[in-house]
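Dear colleague,

I am passing on the structure we spoke about, together with some notes on what turned up when I went through it. Please have it open beside you as you read.

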2 protein chains.
Amino acid sequence: MTAMIDLPTIEDVAAAAGRLAGSAVRTPLLENADLNARVGGRVLIKPETLQRTGSFKFRGAGNKIAKLMQAGQRPQTILAYSSGNHAQGVAAAARLAGLSALIVMPDDAPAIKIENTRALGAEIVFYDRRIDDREAITAGLLKERGGTLVRPYDDPDVIAGQGTVGLEIAEQALERGALVDHVLVPCGGGGLTAGIALALSGASPRTRVHPVEPEGFDDTRRSLATGKALGNEPGATSFCDALLAPRPGALTFALNSRLAGEGFAVTDAETTAAMAFAFRTLKLVVEPGGAVALAAVLAGKIDCRNRTICVVLSGANADPAIFCRAVGGLPPA
Amino acid sequence: MTAMIDLPTIEDVAAAAGRLAGSAVRTPLLENADLNARVGGRVLIKPETLQRTGSFKFRGAGNKIAKLMQAGQRPQTILAYSSGNHAQGVAAAARLAGLSALIVMPDDAPAIKIENTRALGAEIVFYDRRIDDREAITAGLLKERGGTLVRPYDDPDVIAGQGTVGLEIAEQALERGALVDHVLVPCGGGGLTAGIALALSGASPRTRVHPVEPEGFDDTRRSLATGKALGNEPGATSFCDALLAPRPGALTFALNSRLAGEGFAVTDAETTAAMAFAFRTLKLVVEPGGAVALAAVLAGKIDCRNRTICVVLSGANADPAIFCRAVGGLPPA
């Protein structure tokens, strides 16, 4: 590739898989007869909900930190800003490497994400999502305390780590004798989509990769449609706390605009229905942001008939009250 | 074996695995770093929650019905009595074979189990758990309508089908380079325990298999301890609706008394904590009766330190309200 920015390659994804072997979970590829019957096709489910820390984010953070250590660097502290899943991934990967972690988190992050991050030994600095600039706060801390920043998506090593999900999808589909036509991926900043698209451009070139976003936060969908990186309009809301990134990343959009297919957007009501379906039929816990790709399939955003579709469930760190409202155990808030 | 009753053999389990290939899900063997750290050992999780119909019961029913069909029998109707998971297993297996199903169910079964059974095309006849005799009702229906009865556990083909869980545990543990010291199995009538113990007596003789029951319904535990089949005292209650069988089956006890290790009993509070742990940390939906083996491990009923323990999660058909009370830390209603 000839871009002026340092994009990760297929070889970087393979190297990430080597670094993550033994620490990241090789999540299974699941299939459910009721889901197949419902959509009239074959749906393969990649539950990154079962990943260490309950989301795919451990892969990117783990690869980044393992690569730093391999290079002989041993930063005093790993810094990150995150709404919660990247926080846990960084905290877990830092702890495994024997490093301390300092995380900048919004004060309205789900309690389970805050508690889990703290339980992993990280120090947390809170900010107000409505008025503070988390990148500025992080830059200040970096200057003050030193250490190395692990960005949530706009980092080639993070993208390569997330791409190991795509390698596994290709390998596990093959083991099942399946050729995947489309992969649907929950998309915030676009790191997971970019990583999977990169991995599959080598391992399964026939497979199209599609980002799925909440309505109002479908910056990647609109950017792919227009070929120009567009931000979200202010004022939108969604309960998909993991997918509220304001605009595509520079690296992730550079990759996605070359490698990804069209994006889809789903409503919070469609996501709620997907969480309930995952509870009732798949028997999997999925957080709002983790359920949008399943929501797209269930809501018919893509024609699944006589096709093989892979759906990534990207995270499961839902507070019980949010989860239970979605699955029907509690009245709406 | 020299018993006067027709006990299944290791070969019967292998034959069941052949019959179920392609219809039953080969559920994955999972592992969770937080769970391992908590118990100081290695815990392998066998989530039959991800099985077709949300519990292991499809295996036994599927094997029984496939064997009938192979033998050239084509009963007009498959009959069963069940608190709900066997009902769904029988309904799904009958439908796959193109047969109708008639199920005798308690009228206080979880709504999700009733709805799922009906959605699988079965006809349901309800009875009152406190006053009616479900075996007598089933016998009457059998006489009136004809058909073939598929018992929930005291049938060699059903036990052989459940035993395929044990075969998979042995194979999947080996793939991970693990030797399993103990398998903990949720136990109602004892069919899953007996099947797994039978399978592992051939495939992994070093492994000890332990039934786990709710307190007050620990008939198998007490029967194994005394060497004599004992029933439960009347008046006990538990929210583990799937595990309320009154006494060990004749076949299951004949097998378990030869092949199983000591049993464990857990309180509903311990099971509630296990359901919450499964939600919060494993990200799996588990129903009360499906969570008792995990509860035994978390409550320290067995010393897991420096050992490899396999925990079977046997079912996930929980009503949202029951589930949400459990994961919210509230006591069962």
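A:R129 counts as partly exposed, because its relative accessibility is 30%, and in this predicted model A:R129 forms a salt bridge with A:D108, with 3.1 Å between the closest N and O atoms. A:R129 sits in the loop between β5 (123–127) and α6 (134–145) of chain A, while A:D108 sits in the loop between β4 (100–106) and α5 (111–119) of chain A, so the pair ties together parts that are 21 residues apart in sequence. The partner, A:D108, is likewise partly exposed, at 46% relative accessibility.

This pair belongs to a longer list, since a search of the whole structure gives 43 salt bridges over all chains. Another of them joins A:D218 to A:R221, where the closest N and O atoms are 2.8 Å apart. Here A:D218 is buried, because its relative accessible area of 9% falls under the 20% cut-off, whereas A:R221, at 28% relative accessibility, counts as partly exposed.

In chain B, a salt bridge runs between B:R59 and B:E168, and its closest N and O atoms are 2.9 Å apart. This pair links distant parts of the chain, with B:R59 in helix α3 (residues 57–70) of chain B and B:E168 in helix α7 (residues 156–175) of chain B, 109 residues apart. Both B:R59 and B:E168 are buried. In chain A, salt bridges that share partners join A:K46, A:E48, A:R59 and A:E168 into one network.

Not every charged residue that I looked at is paired in this way. On the surface, A:D107, A:D132, A:D133 and A:E135 gather in a patch of negative charge, and the residues of such a patch have no salt bridge by definition. Of these, A:E135 is placed in helix α6 of chain A and counts as partly exposed, because its relative accessible area is 41%.

The last residue I would point out is A:T49, which lies in the loop between β2 (42–47) and α3 (57–70) of chain A. Although it is placed in a loop, A:T49 counts as buried, because its relative accessibility is 1%. Which residues does A:T49 contact, leaving aside its neighbours within four places in sequence? Within chain A they are A:G54, A:V285, A:V286, A:L313, A:G315 and A:A316, and from chain B there is B:K283.

With best regards

Definitions and conventions:
Residues numbered from 1 in each chain as written. Chains lettered and ligands numbered in written order. Predicted model: local features only at pLDDT ≥ 70, side-chain atom pairs only at ≥ 80, totals over all residues. Heavy atoms only, no water. Helix = DSSP H or I, 4+ residues; strand = E, 2+ residues; numbered from the N terminus. Buried < 20%, exposed > 50% of the residue type's maximum accessible area, 1.4 Å probe, protein only. Contact = heavy atoms within 4.5 Å. Salt bridge = Lys/Arg side-chain N within 4 Å of Asp/Glu carboxyl O. Patch = residues over 30% accessible without salt bridge, like charges linked within 9 Å, V, L, I, M, F, W, Y side chains within 5 Å. Areas by Shrake-Rupley, 256 points an atom, 1.4 Å probe, with all protein chains shown as cover. Lys, Arg positive; Asp, Glu negative; His and termini not counted. Charge placed at Lys NZ, Arg CZ, Asp CG, Glu CD.
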